[in-house]
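Work through the following exercises with the sequence and the model at hand. Each task is followed by a solution in steps.

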Amino acid sequence: MKPFEIAEGIYSVGVEDWNIRDFHGYSTPCGTSYNSFLIVDDKIVLIDTVKKEFADQLLANISQIVDPKKIDYIVSNHTEMDHSGGLPRVMHRVGEDKPLYCSKMGFKNLSLHFGQKWNYRPVENSEELNIGKRTLTFLETRMIHWPDSMFTYIKEDKILFSSDGFGQHYAGPEKFDDQIGEAVMGHAKKYFANILMLYVDRIKQLLNSIGELGLEFNIICPDHGIIWRKNPGKIVEAYARWCDLKPKRKAVVIYETMWDSTKAMAEKIAEGIAEEGVDVRPMHLRAWHRSDIITEVMDARAVIIGSPTLNNTLFPTIMDFLTYMKGLKTKNKIGAAFGSYGWSGESVKLINKELEEMNIEIIDPGLKIKYVPNQEGMDACFDLGKRIGKAILD
Ligand code: FEO
């Protein structure tokens, strides 16, 4: 991407990763960007870098504005490799002795990744650094979403560099919220569901402290995707809402199937749920990526899981999904299990065990059907769906 000015003397110099489709297990059908920001003041500051393989592109972008050697300070808001992988190449060009500002945990993590060779300047929460007409304030945001994470804020311009916070995995011609419009919200929600959902309590604390400090944002610059300049309050308000994990009248029926019996059950259960006037999405695990399913799960009241019994246990993709969901710590859910079987039929019991471990309230013992559901079996599925629908409306 060509560098562009965000505000007077502040440039976006990062890169797009147009063709990435799998970001450590998260599907990225629109690619992503690794945003990096250059502030040209009395001192010249670079905030965050990019993935290692894009470092030369970042340096070429910086060179269109200033010679990288003129950069005085580097700020690392986050150690994860999509933002720090380019540091060795950048430090080599900028100067290995240039001060590198990071959180105290960032110092530890960067040292573990890259050794002690650089001029690290670990900062305290709220520590300030004057760079001329502007002041950078470093705000610790531990576990949003790594121990080292921090934000950098320019109080004079009210611009926040928010690391992964408020980001989206999106690469496109649009660079700002006013250019992309409402479409950005789906990408932001998916990002929140897959990266941040398990940290909602910490995010709430952060949003509260932002309110207490009276911080205002004219522009929010995340490290991925679109920059929020028209209405930065919109994404902050969305985060406050998403943090509540308040369920909608919605069910997600997530299933695997071998010979379409569990599929037939899933669709009939979904019909029963819909009969009660509840929004329902049947999602076959080989048709939907787990990162898209979890986005639907985030605001659903009911999570209904169906698996055939295979070799006395669950179908492997079901366990993959349940493991993923467990890690993301969904809240406020009810659940139920179902599945077809041939002779042993353990799947329902095993799913229930997993749901219990996730503190999902099991509202029905579950339904298992031998081989192929007959009319009686289909009626039982429909009735189960209706019971789930009623429970959601309760
Ligand atoms: Fe975009 Fe946590 O890295």
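**Exercise 1. The domain interface**

Task: State how much area domain 1 and domain 2 bury between them, and what share of it is on carbon and sulfur atoms.

Solution.
- Begin with the bounds: in this predicted model, the domain assignment gives domain 1 as 4-243 and domain 2 as 251-393.
- Count the residues at the contact: 13 come from domain 1 and 14 from domain 2.
- The size of an interface is often expressed as the accessible area that is lost when the parts come together.
- Here domain 1 and domain 2 bury about 1,200 Å² between them. Carbon and sulfur atoms carry 57% of that area.
- For the spacing, take the centres over C-alpha atoms: those of domain 1 and domain 2 are 39 Å apart.

**Exercise 2. Asp292**

Task: Decide whether Asp292 is buried, partly exposed or exposed, and list its contacts beyond its neighbours within four places in sequence.

Solution.
- Locate the residue: Asp292 belongs to helix α10, residues 290-298.
- Read the relative accessible area of Asp292, which is 25%.
- Apply the cut-offs: buried means under 20% and exposed means over 50%. Asp292 is therefore partly exposed.
- Set aside neighbours within four places in sequence; Asp292 then contacts Ser27, Lys190 and Met283.
- Compare with Met258: Asp292 and Met258 are 34 residues apart in sequence, and their C-alpha atoms are 22 Å apart in space.

**Exercise 3. The buried residues of α1**

Task: Find which residues of helix α1 are buried and explain why they lie on the same side of α1.

Solution.
- Helix α1 spans residues 55-63, and its buried residues are Ala55, Leu58, Leu59, Asn61 and Ile62.
- In an α-helix there are 3.6 residues a turn, so residues three or four places apart point the same way.
- The buried residues of α1 cover an arc of only 160 degrees around the axis, which puts them on the same side of the helix.
- Identify what covers them: the elements include β3 (15-17), β7 (37-40), β8 (44-47) and α3 (87-94).

**Exercise 4. The five-stranded sheet**

Task: Give the strand order of the open sheet of five strands and name its edge strands.

Solution.
- The order is β12-β13-β14-β15-β16, and the pairing is mixed.
- Strands β12 (128-130) and β16 (219-221) each pair on one side only, so they are the edge strands.
- From one strand to the next, the twist averages 20 degrees.
- At the β12 edge, β12 and β13 (residues 135-140) run antiparallel and are joined by three bridges.
- One bridge can be followed by residue: Leu129 has Leu136 in β13 as its bridge partner.

Methods:
Residues are numbered from 1 along each chain as its sequence is written. This is a predicted model: local features need pLDDT of at least 70, side-chain atom pairs count only at pLDDT 80 or more; totals for chains, interfaces and linings use all residues. Side-chain values use heavy atoms; hydrogens and water are left out. Two strands pair if DSSP finds at least two bridges between them. Helices (H or I, at least four residues) and strands (E, at least two) are DSSP runs, numbered from the N terminus. Axes are lines fitted to C-alpha atoms, for helices over the stretch in contact, and angles run from 0 to 180 degrees between N-to-C directions. Buried means under 20% relative accessible area, exposed over 50%, partly exposed in between (1.4 Å probe, protein chains only). The arc is that of the directions from the helix axis to the C-beta atoms. Contact means heavy atoms within 4.5 Å. Domain bounds come from an automatic or database domain assignment. Buried area is the accessible area (1.4 Å probe) that two parts lose on being put together, summed over both.
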